Amino acid sequence: MGSMVLPALKRIAQMPDWKAKSQKRGGKLVEFSRLFKTKEYATPDDLFFAIEDLPSFGKEYWFLHFCAPPRKEQVVLTLGRPVEPVKVNNTEVLATEGEQGMACAAVCWLYSNKKEVVFDSSAFVSVKSGKAKSLVAKKGKSQISITGAYPNFQVKLAKDGKQVFSARAYPQKKGVPFEFVHILKNPFAPGLGAAMINYYLDFEGELEGQKLSGKAYLQKVVAVIPLAPWNWVRLHFKGDAALDFFTGKPFGEKTHMHFADNAYLELDGKRTKLRGLRITSYLSGDKRVWILSGKKLFVVMETYALQPFIMKQKTTFRYDEYIVRVQSFAFQGAHKELSLSDLGEGIGLVEEASGYLL
């Protein structure tokens, strides 16, 4: 679900030549046994293409986002499961395994002139490893499939047997190719932790019969931590710049006690750290306007579609995905000033999570 724990994680690797470096380390990127089970991930795909043996309070999620600035089309695919039963948008999801695969929550939607929901609430997910890797989610005649191996993936989305989106994702020319990040065991809360893989890619494909190309973000998270409120912003601009912001709000919106704030502006493949940012909003629903601001940055984003994702156990956790267009942008760096006219039109995603899920 976006970058829900990324800023709290210690970055293990940012490796353009990951094969050579992983071989140099004896084929081991992360040793994961302290969190869930004795297991080693020799490549990033070993985390992405896996269904974990989760402990109590464990969770795993896949998140895929495709956008093509300056066009407004976007595709957002969210799959996941906590180990305990959960109600998702009024549908009971029992974390059981059957002939169709593992039962998971699934909220997958797109915007192409209008909002269209393909999966709402649940699906069965199955995974194949080895050379022919794949992850497939099915519900009736609707299906999501992700096949391939880093750095090349094929993604297909079908609704009621008809393909509505397909994409070939491949390495971007500049910037971080992927991040493998890990929270180690917390001595003050034994057994808590998380691991995450983020892929940053370009893509070419079709959305509802129309050619589309732009930026792809693929993520897998495995965690043994409670879900608490957060905001995440991920924007892409026509000129290939990107903006990423995260803030955790463990005590809710009514307090200024935030944590793990993290933000950067990526220009020409290089990231500039941004500090002291805060996100505010006005209005509600599809009219919601977001403002991300700080000493050196000011961004105004206008919502044009929204999809809610409500999970209930003994507590309620609401996760809303807003797709937005950038209306205003100002950045004052050490040696340059940038406006929206310099970066080109921008679009992206704003996540807002509220409530708690243990």
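These are my notes on confidence, aromatic rings and one loop residue in this structure.

**Confidence**

I noted at the start that this is a predicted model. I looked up the pLDDT of the chain, and the mean is 85. I also saw that 82% of the residues reach 70 or more. Where is confidence lowest, and where is it highest? I found the lowest mean, 34, in strand β1, residues 10-13. The highest is 98, in strand β14, residues 162-171. I then checked residues 4-38, where the pLDDT is below 50. Beyond near neighbours in sequence, this stretch has 97 contacts in the model.

**Aromatic pairs**

How many aromatic pairs does the count come to? I got 21. I picked out the pair of F153 and Y199. The ring centres are 5.2 Å apart, with 50° between the planes. That pair is tilted. I traced both residues along the chain: F153 is in strand β13 (residues 152-159), and Y199 is in strand β16 (residues 193-207). They are 46 residues apart, and the pair links distant parts of the chain. Are these two residues buried or exposed? F153 has a relative accessible area of 1%, so I put it down as buried. Y199 is at 0%, so it is buried too.

Next I turned to W290 and Y322. Why is this pair edge-to-face? The planes stand at 75°, and edge-to-face needs over 60 degrees. The centres are 5.1 Å apart. I located W290 in strand β23 (residues 289-293) and Y322 in strand β25 (residues 316-332). This pair also links distant parts of the chain, with the two positions 32 residues apart in numbering. Both W290 and Y322 are buried.

I went back to F153 and Y199 and found them in a cluster linked by ring pairs. Its other members are F48, F49, Y150 and F178.

**Charges over rings**

I looked for lysines over ring faces. K72 lies over the face of Y304, 4.6 Å from the ring centre. The charged end of K115 sits over the ring of W109, at 5.6 Å from its centre.

**A loop residue**

Where is A241? I found A241 in the loop between β18 (230-237) and β19 (242-248). Its relative accessibility is 4%, so A241 counts as buried. Which residues does A241 touch, leaving out those up to four places away in sequence? I listed L235, H236, E266, L267 and L343. I also checked A241 against K270, which is 29 residues away along the chain. Their C-alpha atoms are separated by 9.4 Å.

Methods:
Residues numbered from 1 in each chain as written. Predicted model: local features only at pLDDT ≥ 70, side-chain atom pairs only at ≥ 80, totals over all residues. Heavy atoms only, no water. Phe/Tyr/Trp six-rings, centres within 6.5 Å; stacked < 30°, edge-to-face > 60°. Helix = DSSP H or I, 4+ residues; strand = E, 2+ residues; numbered from the N terminus. Buried < 20%, exposed > 50% of the residue type's maximum accessible area, 1.4 Å probe, protein only. Lys NZ or Arg CZ within 6 Å of the ring centre and 35° of its normal. Contact = heavy atoms within 4.5 Å. pLDDT = per-residue confidence, 0-100.
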